[in-house]
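Student: Could you take a close look at one residue for me and then show how it fits into the whole protein? I would love a connected walk-through.

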Amino acid sequence: MCRVYTNDNKFYNYAISDENGQLCIEVSDSDIIEFSYLGYTPLNKPAKDFILDRINNVILAEKAIELNEVIVKAPPIREQNDTISYNVRAFIQAGDSHLEDILKKLPGIRVNENGSISYQGKAINKFYIEGKDLLGNSYSLATKNMPVEAVTTVEVLENHQPFKMLKGKQLSDKAAINIRIDRGHKSRPFGEINVGLGEIASIWNNSLFLTQIMSNSQLLISGKINNSGVDLSEETKEHIDIADLDAYEPILPSILSTSTLNEVLPQNRYLQNKSYSAGANFLVGLSKESSLRFNLLYYQDRSNITRQRSDYYGGENPLNLIENTAKRLKDFTILPIIKYELNDKNTYISNELKLSFNKISSSNRVISNSISLFERIDNKPVYLQNYFTSSFYIKNRIVQAKSLSRYFNRSENLYSDADTISIYDISEKFALKSFLNKTILSSLFYLGGNSLNISSEIYYMNTLYDYKENIRSNKFSLKISPNYLISFGTNRYLSIILPIELFNINIIKRHKTLLAFIPNINFRYQINNNWRININASYNVDNNTLGFYSHHLLRTGYRTEYLPTDRIFFNSSKKISASLAYRNLATMLFSNLSISYSDGKKESYSNYNYTDSITQISTIAGTNHLKTFLVNGSLDKSFVDVGISLKSDLNYSGTKYLVSQSAIRFYNNSNILSINLDLNYQKLKWFKVMLTTTGTLYWEKNDLYSSEPIKSLIVNNSIYFFPISNLSAKLKYQNFINEITTSKYKNYGVFDFNMDYKINKRWEIEFSLSNILNTRSYSVTQESGINIFNTSLPLRGREYLISVLWRF
């Protein structure tokens, strides 16, 4: 580099030498010329020292230069083909303990309240650990328990086809998650044991997690026990396998209800419990492409809930019902699973055998409009299920065979005893047994340069209902489904499915046959690497199976009776949906917008008749429309350099449905609008802020009245302090603002404090204090049609817990 300065040191001209080191520049005799080159000492000479119009040699002296420190960082997100890799180290922050803490921060990924994971608005179809499906649909065992320091990368496998031989032949718009384990944790057991006691050992919260990830086998064992109100049922819950929806068939519903409360208030704020959960999972490779998997899930819970309800039921004869309930719940579940899988490029064979045993009981002491009574409900569902699926070649044509078989047995008991009114003295027993088989045979071949898949499905279910006498129902259906897939580029296709299904239903002495045409059209178009659009339109018909069939009036609660029917009903629905997804890995911006509208038509509706002593529910033949309009939008953005991650959601649900109650029939319009914002900030080493805010508006409109919007606001704030490297302190504030009546609100604020000290890499001690202000009650108001429900709950008081954690 040659720079020219005037005699008063003003820069005004420059030149750069060519590859041979030569340059030409215009100067004045009074100028100063500076020559510089990296690794050499700069040289300054007066212009008059050079000879004009001739080559002048300039020689610089070498000089060592100390370079500035350069820190090489792996990018937070990178993409290779259909795999997006999140570098966990770029997102991990002080205070993060388990894999779920990281997943909740990753842009584009959502972890729902029940533990299920979605990507870009769609549920994932597989969850792998080092490429192996150890946990099946119970992956919450890993996300809620795996130490975050054991994970290096979270991979999202976009457009994931789990069957290797179908890759590129049957397209998928679902993603899978694959967890990469740190090299130091591979091939050795690792995990943690946590022991927590509080209130002079009257409160406890203990856990165990052990896993070993090897090249040919994987082991994961977990166990948790607590009486601090923490819900453990999600630990062992199976999520629906959307990778193969043919493997899913819903369980027949119970006629008696043992459900707990459905509140937005976290369960640990009000539940008095003793909960136990455990999982043992082992996968071993039998060959390079085949494996055998064992899963054993266990859950047991004993809970006590006290609540007060004040309900108003509208109609020609309105009813006010006040209930004080002390509910005691017992829940026992054990679920063993064994699965064999062969998955290579030429063959796929899988067989899963599953046994589910569940026993639930609910004992309720109720004061209902000043009447004291006791109610007990027992529910024992058991089923044995086998699912076989295979794919193979026959003369260069792919053939698939699937078979789902299940035997189901449920017994239910209802006992009620009142002090003064004999109508509430009840002793009833119900039993239900069913067998179903669903067999599917399909073949894939090519027509006109595109793929055509023709499948046939035979469905049969036989059900026996036992209440004072036996009643049997049979359902048989035969479906032929041609699916023509037109592909016109990478992730650009049009799927046209034109099924025809024949239904044959028999219940008691009634018989009904229906032939239905149920088309489905799906259009997917990837505009570019960032934008994707999906449009779907479908029409569906199915039999509306009622919960129980009998010739007798059924008592389903101390003040509830159900009048069944032997009529056969069908439902039909039309649905159209569209989604637009955007992702930019460079800016770490992910967004998704989905809109759907459905118009359902049922041949029956439920009628509710409320009186002072009894509520009667009956199924009546008649036209029943259900219309739903949904909007879901999400926006995720991470600013790694400034330590901010942002996730936001906007959801709207509008539903129009028929209400038949106490001699009044009308269509009700229900509307729910909610906005959620998650903000995480940690730029400073000693400070971290987490803010979650959810605002909800709920309003209804019908021919009888229009309600004012009921508003609620939920705020979760957490502030972390890290005064020294091994010490962290956390102050959490949960605030619930519920509108009880128009412009009248109730505010519930709860403070928690937590302090954690890491003695070393293995040992950690923690002190936590919950509900510092000792808030003792919570109230909420809900509207449904012409009914209003007010619920009050007593809360757990101030509690402390001291825990010791050992990592290995």
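Tutor: Happy to! Let's take Met-755, which sits in strand 40, a stretch covering residues 744-758. Please keep in mind that this is a predicted model. How buried or exposed is Met-755? Its relative accessible area is 35%, and because that value lies between the 20% limit for buried and the 50% limit for exposed, Met-755 counts as partly exposed.

Next, its surroundings. If you set aside the neighbours within four places in sequence, Met-755 touches Leu-727, Ser-728 and Ala-729, and also Ile-765, Glu-766 and Phe-767. For a view across the chain, pick Asn-114, which is 641 residues away from Met-755 in sequence. The C-alpha atoms of Met-755 and Asn-114 are separated by 27 Å.

Now let's zoom out. Strand 40, the home of Met-755, belongs to a protein with 44 strands and three helices. The C-alpha trace spans about 120 × 70 × 55 Å along its principal axes. The protein has 808 residues, and 46% of them count as buried. Among contacts with a separation of 6 or more, 62% are between residues 24 or more positions apart.

The outside is worth a glance too. The accessible surface comes to about 40,400 Å², and carbon and sulfur atoms account for 55% of that area. As for charge, there are 90 positive and 76 negative side chains, with the centres of the two sets 4 Å apart.

Note on methods: Residues are numbered from 1 along each chain as its sequence is written. This is a predicted model: local features need pLDDT of at least 70, side-chain atom pairs count only at pLDDT 80 or more; totals for chains, interfaces and linings use all residues. Side-chain values use heavy atoms; hydrogens and water are left out. Helices (H or I, at least four residues) and strands (E, at least two) are DSSP runs, numbered from the N terminus. Buried means under 20% relative accessible area, exposed over 50%, partly exposed in between (1.4 Å probe, protein chains only). Contact means heavy atoms within 4.5 Å. Accessible areas come from the Shrake-Rupley method with a 1.4 Å probe; for residues, only the protein chains shown count as cover. Lys and Arg count as positive and Asp and Glu as negative; His and the chain ends are not counted. The place of a charge is taken as NZ of Lys, CZ of Arg, CG of Asp or CD of Glu.
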